[in-house]
Amino acid sequence: RLAGPVPVLAQLSNSGPLSIAADRGLEPKDLSGEGELELFAEIPLGDRITRESVHADFKLDLAGFTSATPMRGGRRVSNANLIVAGTLDAHEIAGNAIIDGIPAQIHIRSETHKANPTVRLTLEEDAQRQLGIELRPFLSGPIIALVDPDADNLKSDSLDLTPTDINLPFLGWHKLPGVAARFTARMEKSPNGTQLSRIVFSGDEFQATGELAIDAQGNLVSLEAQKIQLRPDENFSISVKRSGGRLQVRVTGEAIDARGIISALQQPAGAEETAPTAIDISLNVGRLIGHNSIELADISGRATFVGGQPDSLSIKAGPDDRHTIDISVDPQIQERNMVARFGNAGDILRFLNVYRTAYGGGMTVKFAGPAETGDGKGHVSISGFRVSESGRKIAVSRLSIPFSRKAHTISIYKAAMVADGLDAAAKGAI
């Protein structure tokens, strides 16, 4: 058992027939820090002692380890607190260090019969930002980078995102820490930014492939994502391109499961975060999967969002465009107007999981308010539908719901229903 300055321990590790520090390109004079070594060795007696004839188990505890010269792959290591344990043929290194100026948790497994050791760097959010990875609020928590120790920088072609929280509210999808996920890509960095190609994002029940480009300031330049399947039965693609101060988004595919999106929109809203970038969206999807086994077919449309609010929107769905939603802004008075017409009110209410026992009928929704907010007044009118309650079918000839929205509260006043000769009224707030 030895304890003392790292340079002395490194020099001793080069005592014949061993050459541990030398084999790793370490010059004792360039090292600093303190260490404690526990070594158990079996050395044969005889005139010729070779490295192969020596069996050794060791544990090396390093504190404040720093190399004044670059180590393997030209990498600079400083302020490392590490435990190195194993044999001469296979060992593991674990701990924390600053590598090329980036703080990281380290886990390395090295075996002499393998060309490259397995290097796992756990990067917290501050370290991610130093590497140009700035994806909040969509990605938070640590990521594990699987890196090539012989590469000329810390770029990684593979990330283990199991400990990472991934939240995509615009798709209604959330991966919690602990759920296995892997991200692989070919990364190329330049003064202009970072290009990721051959992206594969996958887990047990989700996958996506594509390409991504980010500029030197960390802003999204373009995204091409194909074969997106975040839930069973999904298959769609997203294309995003930045043009000046606008993002051009195109969504196409066979099917999108909208249940997560619907549930996210129905949750109590927190403080609104406005997006200064204008977003132009085009949509062309074969099926939109909703709640209660209801699907909408042939969805197409366009929308523009400015500051997080819809500036214009036109969406059609179903045969003969039986469902339509139109939003426009009057530039003269800066008022936003929405008109939505649904050919089957029951299908829409069950699709949204608003009323699971509603069938048939027609529905019209109108809403108007200041363009800069989501506040305003509106009216929901449903006619000729039926509901099923406790085995009884009730025919509703008319349901009228005037309402107003302010901040995150919807107030309903003078709602009226005529059903099987019964008149009813209601009011309240949501």
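The following legends describe an overview and four close-up views of a predicted model.

**Figure 1. Overview of the predicted chain.** The chain contains 430 residues, of which 37% are buried. Its secondary structure consists of five helices and 29 strands. Among contacts with a separation of 6 or more, 37% join residues 24 or more positions apart. The accessible surface amounts to about 24200 Å², and carbon and sulfur atoms contribute 54% of that area.

**Figure 2. Close-up of the hairpin formed by strands β16 and β17.** Strand β16 spans residues 220-229 and strand β17 spans residues 235-243. The two strands pair in the antiparallel sense, with five bridges between them. Within this pairing, Glu224 is placed opposite Ser239 of β17. Five residues lie between the strands of the hairpin. Asp233 adopts a positive phi near 80 degrees in this hairpin.

**Figure 3. Close-up of the hairpin formed by strands β17 and β18.** Strand β18 covers residues 246-257 and pairs with β17 over nine bridges, again in the antiparallel sense. Strand β17 thus has a role in two views, being paired with β16 and with β18. Arg242 stands opposite Leu247, a residue of β18. The hairpin has two residues between its strands. Gly244, located in the turn, shows a positive phi of about 65 degrees.

**Figure 4. Close-up of the surroundings of Ser158 in strand β10.** Strand β10 comprises residues 156-160 and includes Ser158. Ser158 counts as buried because its relative accessibility is 11%, and the cut-off for a buried residue is under 20%. The side chain of Ser158 forms a polar contact with the side chain of Arg182 at 2.8 Å. Leaving aside residues up to four places away in sequence, Ser158 touches Ile144, Ala145 and Leu146, together with Arg182, Phe183 and Thr184. Arg182 therefore appears both as the polar partner of the Ser158 side chain and among the residues that Ser158 touches.**Figure 5. Close-up of the open sheet of strands β8, β11 and β12.** The three strands are arranged in the order β8-β11-β12, and their pairing is antiparallel. Strands β8 (139-140) and β12 (173-175) stand at the edges with a single partner strand each, so one side of each has no neighbour in the sheet. Strand β11, residues 165-168, pairs with β8 in the antiparallel sense through two bridges. In this pairing, Ser140 lies opposite Asp165 of β11.

Key: Residues are numbered from 1 along each chain as its sequence is written. This is a predicted model: local features need pLDDT of at least 70, side-chain atom pairs count only at pLDDT 80 or more; totals for chains, interfaces and linings use all residues. Side-chain values use heavy atoms; hydrogens and water are left out. Two strands pair if DSSP finds at least two bridges between them. Helices (H or I, at least four residues) and strands (E, at least two) are DSSP runs, numbered from the N terminus. Buried means under 20% relative accessible area, exposed over 50%, partly exposed in between (1.4 Å probe, protein chains only). Contact means heavy atoms within 4.5 Å. Accessible areas come from the Shrake-Rupley method with a 1.4 Å probe; for residues, only the protein chains shown count as cover. A polar contact is a pair of N or O atoms within 3.5 Å; within protein, one must be able to donate a hydrogen and the other to accept it, and residues adjacent in sequence count only if both atoms are side-chain atoms.
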